[in-house]
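Work through these short exercises with the model open beside you. Try each task before reading its solution.

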Amino acid sequence: MIEAALIEDVIPRTHVVKRAAHIGAEIRNIKLSGDLPEQTIAAMNGLLLEHKVIFFRDQGHLDDVEQERFALRFGRLVPPPLGAVEGTVSILEIDTPRGGVRADNWHIDWSCCDAYPKISVLRGVVIPSLGGDTVWSNTAAAYLDMPAPLQRLADQLWALHSSAYDFAVTVRPSEVDKKKYEEFNRNRFETEHPVVRVHPETGERTLVLGSYVTRFVDIPKYDGQKLFDVFESHVIAPENTVRWNWKQGDVAIWDNRATMHRGVNDYGDQARIVRRAAIHGELPVSVDGRRSIARVKVIKQPPVNVV
């Protein structure tokens with residue numbers, strides 16, 4: 001992990017404005033691009049590990065290609081299973097005017113996959129005149145908030161994450177998109193993850209929950225739902241969250257290994273378009289050193305590099 005003093009040499013602390021006590025910071029006076037110096041990218045990654053989600057205003061110069069070039073600086077890009085925006089290999093469009101996915105439940109991006117993305121880079125393209133915020137939670141802080149007996153219980157538990165659950169609940173596809181969603185649900189991902197993973201860069205223990213969870217392994221459904229509600233109540237506690245009011249051209253980058261997030265579905269029929277690039281992640285590792293296990297992995301799309 002990059003040292004704080006080295007970060008400040010590149011991005012002064014006066015340019016870093018915390019948005020909440022436990023999560024979130026706005027980084028000012030930086031123009032994002034794929035050509036930023038390596039030291040700046042390293043400093044951004046250090047701030048990301050510290051604050052879990054970082055925000056940038058006034059990045060309207062970015063288009064899909066340049067967003068992709070910038071995201072590539074953080075690692076290998078992951079092609080979205082439902083197809084990328086034309087002219088890109090990794091940009092997923094979310095919430096189209098035609099009526100598509102509104103990710104209005106708490107989730108970790110693609111936690112139904114085994115090595116789910118480690119970082120997401122989201123750009124505001126069309127922003128409604130009111131509503132449409134996004135809320136993130138610090139799952140490391142949520143774990144620390146739990147009493148020690150609950151922490152010990154969570155450390156031992158595993159959960160099955162399935163793509164079929166999330167899409168069945170949240171997708172309201174148009175006729176144009178319906179075939180895509182039907183195909184995706186026929187070729188779903190299912191993975192067993194530890195409820196608590198050890199962050200590979202910070203060593204923190206973070207909760208791995210969200211809407212992709214269908215059940216806990218070896219726990220009856222009724223008991224599992226009660227446990228899920230208890231654990232998730234710490235994730236969504238307001239003191240562990242930050243809320244971002246989007247403007248056109250904003251960019252949010254979050255550590256998908258240490259956060260959960262949800263879009264706020266309060267903008268009615270207004271258009272809202274955001275576009276996301278995802279960075280290939282590592283297999284989660286449990287407190288006792290075991291790795292996540294893919295149970296169903298019909299679609300196999302390896303991460304790719306772009307130039």
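Four exercises follow, each with a worked solution.

This is a predicted model, so local features need pLDDT of at least 70, side-chain atom pairs count only at pLDDT 80 or more, and totals for chains, interfaces and linings use all residues. Residues are numbered from 1 along each chain as its sequence is written, and side-chain values use heavy atoms, with hydrogens and water left out.

**Exercise 1. Trace the open sheet formed by 3 strands and find its edge strands.**

Step 1. Fix the terms. Strands (E, at least two residues) and helices (H or I, at least four) are DSSP runs, numbered from the N terminus. Two strands pair if DSSP finds at least two bridges between them.

Step 2. Read the order. The sheet runs β12-β6-β14, with antiparallel pairing.

Step 3. Find the edges. β12 (241-244) and β14 (259-263) each pair on one side only.

Step 4. Check one pairing. β6 (residues 134-138) joins β14 over 5 bridges, in the antiparallel sense. Asn138 has Thr259 of β14 as its bridge partner.

Step 5. Recall the chemistry. Strands of a sheet pair through backbone hydrogen bonds.

**Exercise 2. Count the disulfides, and say why Cys112 does not form one.**

Step 1. Apply the rule: a disulfide is a pair of cysteine sulfur atoms within 2.5 Å. The count is 0.

Step 2. Look at the sulfur of Cys112. Its closest cysteine sulfur is in Cys113, 4.2 Å away, so the two are too far apart for a bond.

Step 3. Check burial (buried is under 20% relative accessible area, exposed over 50%, partly exposed in between; 1.4 Å probe, protein chains only). Cys112 is buried at 0%. Cys113 is buried too, at 15%.

**Exercise 3. List the buried residues of helix α3, then find what they pack against.**

Step 1. Take α3, residues 64-72. Its buried residues are Asp64, Glu66, Gln67, Glu68, Phe70 and Ala71.

Step 2. Find their partners, using contact as heavy atoms within 4.5 Å. They pack against α2 (38-51), β5 (119-126), β13 (251-255) and β15 (273-279).

**Exercise 4. Describe how α5 and α8 meet.**

Step 1. Take the axes, which are lines fitted to C-alpha atoms over the stretch in contact; angles run from 0 to 180 degrees between N-to-C directions.

Step 2. Read the geometry. The axes of α5 (residues 148-156) and α8 (residues 221-235) come within 12 Å and cross at roughly 115°.

Step 3. Name the contact residues. α5 supplies Leu150, Leu153 and Ala154. α8 supplies Leu227, Val230, Phe231 and His234.
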